[in-house]
Amino acid sequence: MNESSAGRIILALSCIAATAALLCGCDSFRRLAGRPTSEDIAAKKVMIEQERAAHQARLDSLRRVEKALADSLALLDEIKASKTMILTTADIKGAAAAGLQYRYYVVVGTFGDRQNAQGLAAKAEAAGYSSQLIPYRNAFTSVGVGGTNSLAEAWATLGKVKGEKFCPVDVWVLVNE
């Protein structure tokens with residue numbers, strides 16, 4: 001074999017190696033070296049992003065709980081400072097809470113005569129408030145407005161109701177337990 005043939009063979013092998021490297025890419029060499037391939041790296045990036053998103057979701061959830069707790073404590077402080085009367089159905093002797101749909105009601109009046117209670121309920125409804133007659137076993141009937149399951153909503157309703165003509169000064173909140 002002459003020098004010229006050996007040079008051509010070396011050139012041909014070099015071209016084949018270069019072509020194989022171009023066609024196979026770095027992944028073949030990485031695989032041979034036991035290193036992660038581009039697919040492995042892309043899968044790891046996806047996994048890291050999913051873990052980051054899950055972690056961020058947990059942090060966001062904790063922030064929402066923290067804000068709700070702070071809001072609740074601020075509301076309780078505001079209620080305590082206002083000295084507004086808040087009674088539970090257990091506090092009222094003879095309360096019949098079986099027919100109540102919501103946990104909180106703003107009570108705008110309590111009457112021995114059910115017709116008077118119905119009259120006040122009609123005034124409340126005419127002013128745009130939902131009303132509920134709350135009967136007691138001792139024959140008294142309260143008029144509750146703005147029934148809700150949220151103490152914050154009940155407190156907001158109390159603030160609005162206090163400005164209405166039909167609302168007495170001794171308005172209070174009933175907690176249905």
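Trainee: What do the side chains of Asp71 and Lys67 meet in?

Mentor: The side chains of Asp71 and Lys67 meet in a salt bridge, 2.8 Å from N to O. The term requires a side-chain nitrogen of Lys or Arg within 4 Å of a carboxyl oxygen of Asp or Glu. Please note that this is a predicted model, in which local features need pLDDT of at least 70 and side-chain atom pairs pLDDT 80 or more, while totals for chains, interfaces and linings use all residues. Residues are numbered from 1 along each chain as its sequence is written, and side-chain values use heavy atoms, without hydrogens or water.

Trainee: How many salt bridges does a search of the whole structure find?

Mentor: The search finds three. Besides Asp71 with Lys67, Glu49 forms one with Arg52, the closest N and O atoms being 2.9 Å apart, and Arg63 forms one with Asp60 at 3.3 Å.

Trainee: Where do Asp71 and Lys67 lie, and how many residues apart?

Mentor: Both lie in helix 2, four residues apart, about one turn of the helix. Helices (H or I, at least four residues) and strands (E, at least two) are DSSP runs, numbered from the N terminus. Arg63 and Asp60 are also in helix 2, three residues apart. Glu49 and Arg52 are three residues apart in helix 2, so about one helical turn separates them.

Trainee: Is Asp71 exposed, partly exposed or buried?

Mentor: Asp71 is partly exposed, with a relative accessible area of 42%. The class lies between buried (under 20%) and exposed (over 50%), with a 1.4 Å probe and protein chains only. Glu49 at 41%, Arg52 at 45%, Arg63 at 47% and Asp60 at 31% are also partly exposed.

Trainee: What should helix 2 span, and how far apart are its end C-alpha atoms?

Mentor: The expected span is 1.5 Å times one less than the number of residues. For the 45 residues of helix 2 (residues 38-82) this gives 66 Å, and the end C-alpha atoms are 65 Å apart, which agrees. Just after helix 2, Lys83 takes a positive phi of about 60 degrees.

Trainee: How many aromatic pairs are there?

Mentor: A pair of aromatic rings is described by the distance of the centres and the angle of the planes. Rings of Phe, Tyr and Trp (its six-membered ring) pair if their centres lie within 6.5 Å; planes under 30 degrees apart are stacked, over 60 edge-to-face, and the rest tilted. The count by this rule is two. The rings of Tyr102 and Tyr105 have centres 6.3 Å apart and planes at 65 degrees, so this pair is edge-to-face. Tyr102 is partly exposed at 30%, whereas Tyr105 is buried at 2%. Tyr129 and Phe166 form an edge-to-face pair, with 5.8 Å between centres and 70 degrees between planes. That pair links distant parts of the chain, 37 residues apart: Tyr129 is in the loop between helix 3 and strand 3, and Phe166 in the loop between helix 4 and strand 5. Tyr129, at 12%, is buried, and Phe166, at 13%, also counts as buried.

Trainee: Which residues of the largest nonpolar core touch the most other members?

Mentor: A nonpolar core is a set of buried Ala, Val, Leu, Ile, Met, Phe, Trp, Tyr and Cys residues joined through side-chain atoms within 4.5 Å. Of the 23 residues in the largest one, Val108, Val143, Val145, Val161 and Phe166 touch the most other members. Helix 4 gives the largest share, five residues.
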